[in-house]
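Q: Please take a close look with me at one loop of this model. I would then like you to work outward from there, through the sheets and the spaces between the elements, in one connected account.

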Amino acid sequence: MFFSKKLNKFNTIDHCFFSRNGGFSQGLYRSLNCGKGSKDKTENIEKNLNFVSKKMGVYIKNLILMNQTHSNKVILINENNVSDVQFSADAIVTKLKGVALGVLTADCVPIILYDQANQIIGCIHAGWKGSKKGVIRNTLEKFRTLNSNNKIIAAIGPCIGPESYEVGVEFYENFLSENTKNKDFFLKKNDNKFFFDIRNYSRNLLIDGGVTNIDNIDLDTFTDIDNFFSYRRSQQLAETDYGRCVSTICLKT
């Protein structure tokens, strides 16, 4: 389990970037696989999510996860929908106490947010597609619709590191066509390959959205096989599937 030093200062919230350790799954999914979309045994995933719920001090029904689709959709969790079975989104926000919001990742960027001025929390699944579509911007706007006088702290969790994220020239040119300043987030390997720094790309989008109080849990999910699942690593190893780690935040009751 990994924590943000900035968020640890507040006794009004609990949070955690869970590693892959401490769970019940076996094989490819060893051991704390929280991905309902994986091919892991359902009973193991349920045991793992129950473990996470207990660590976060919430009832299992109050651990809210998303059906993530690399979109820019943000959902506000309130009294009217907190009991819903499924939330198809890539970011969720709430003012409810005793509810843990969770994001699942296996290389993408997990971002958790805390507005200390207004007691609002949120989490974002910031893959390159969703971030490029505006999921980070939309989440910050959702915070401001609840209260415009924000004081937001953001914690960027473990994700794939730039040394591990090799992309092609088409990917590179796609980002530059959007904004030439995006060149800062790429390192050229050769004429056809680049390395992409998705962590700092996400961080820059937070700053553009007015959030400057940002903490980084700067760990590479691709290289750290003992602590993290990795989609890209599973692809390189020709594995049939991969697990997902969960990152959570909760307003204490």
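A: Ser-31 sits in the loop that runs between β1 and α1, and since we are looking at a predicted model, everything below describes that prediction. What makes this loop worth a stop is its backbone: the peptide bond between Arg-30 and Ser-31 is cis, with omega at about -5°.

The two elements that flank the loop lead straight to a sheet. β1 belongs to an open sheet of four strands, ordered β1-β13-β5-β2, with mixed pairing. β1 (13-17) and β2 (63-64) are the edge strands with a single partner strand each, so one side of each has no neighbour in the sheet. Inside the order, β5 (residues 100-105) and β13 (residues 245-251) are antiparallel partners over six bridges. To find your way along that pair, look for Gly-102, which stands opposite Thr-248 in β13. As a reminder, the strands of a sheet pair through backbone hydrogen bonds, either parallel or antiparallel.

On the other side of our loop, α1 (residues 42-56) lies across β1, β2, β5 and β13, and runs at about 35° to β13. The loop of Ser-31 therefore links a strand at the edge of the sheet to the helix that lies across that sheet.

A second backbone detail waits past β2. His-70 is in the loop between β2 and β3 (74-77), and this residue, which is not a glycine, has a positive phi, near 60°. Following the chain from there to β3 brings you to another sheet, open and with six strands in the order β3-β4-β7-β6-β8-β12, again with mixed pairing. Its edge strands are β3 and β12 (213-216), each pairing on one side only. Neighbouring strands here are turned by 15° against each other on average, with direction ignored. Within this sheet, β6 (residues 109-115) and β8 (residues 152-156) pair antiparallel over five bridges, and Tyr-114 faces Ile-153 of β8. This sheet also has a helix across it: α3 lies across β3, β4 (91-94), β6, β7 (120-126) and β8, running at about 170° to β7.

There is also a set of pairings among β9, β10 and β11. β9 and β11 (residues 193-196) run antiparallel and are joined by three bridges, with Glu-166 opposite Phe-195 in β11. β10 (residues 186-188) is likewise antiparallel to β11, through three bridges, and Phe-186 has Phe-196 of β11 as its bridge partner. A hairpin of four residues makes the connection from β10 to β11.

Now for the spaces between these elements. The largest pocket holds about 1,200 Å³. Its lining has 41 residues, and those nearest its centre are Met-66, Asn-67, Gln-68, Leu-104 and Arg-244. The elements that contribute two or more residues are α1, β2, β5, α2 (128-133), β9 (166-168) and α6 (231-236), so our starting helix α1 is one of them. β9 gives the most, with three residues. By class, this lining splits into 20 nonpolar, 12 polar and nine charged residues.

The second largest pocket has about 320 Å³ of space. It is lined by 16 residues, and Asn-179, Asn-182, Asn-204, Leu-205 and Asp-208 lie nearest its centre. Two or more residues each come from α2, α3 (135-146) and α5 (198-208), and α5 has the largest share, with four. Here the lining counts four nonpolar, six polar and six charged residues.

There is one closed space as well: a single cavity of 30 Å³ or more is found, with a volume of about 60 Å³. Among the residues that line it are Phe-17, Phe-18, Thr-105, Pro-110, Cys-245 and Ser-247. The lining has seven nonpolar residues, three polar ones and no charged ones.

Stepping back to the whole chain, you have six helices and 13 strands. The radius of gyration is 17 Å, close to the 18 Å that the globule rule gives for 253 residues, so the chain is as compact as a globular protein of that length. Along its principal axes, the C-alpha trace spans about 55 × 45 × 30 Å.

Methods
Residues numbered from 1 in each chain as written. Predicted model: local features only at pLDDT ≥ 70, side-chain atom pairs only at ≥ 80, totals over all residues. Heavy atoms only, no water. 1 Å grid on protein atoms, 1.4 Å probe; cavity = no way out; pocket = protein on both sides within 12 Å on 5 of 7 lines; lining within 4 Å. Points joined across faces, edges and corners; volume = space filled by probe spheres on them. Nonpolar A, V, L, I, M, F, W, Y, C, P; charged D, E, K, R; others polar. Pairing = 2+ DSSP bridges. Contact = heavy atoms within 4.5 Å. Axes fitted to C-alpha atoms, helices over the stretch in contact; angles between N-to-C directions. Rg over C-alpha atoms; globule rule 2.2 N^0.38 Å.
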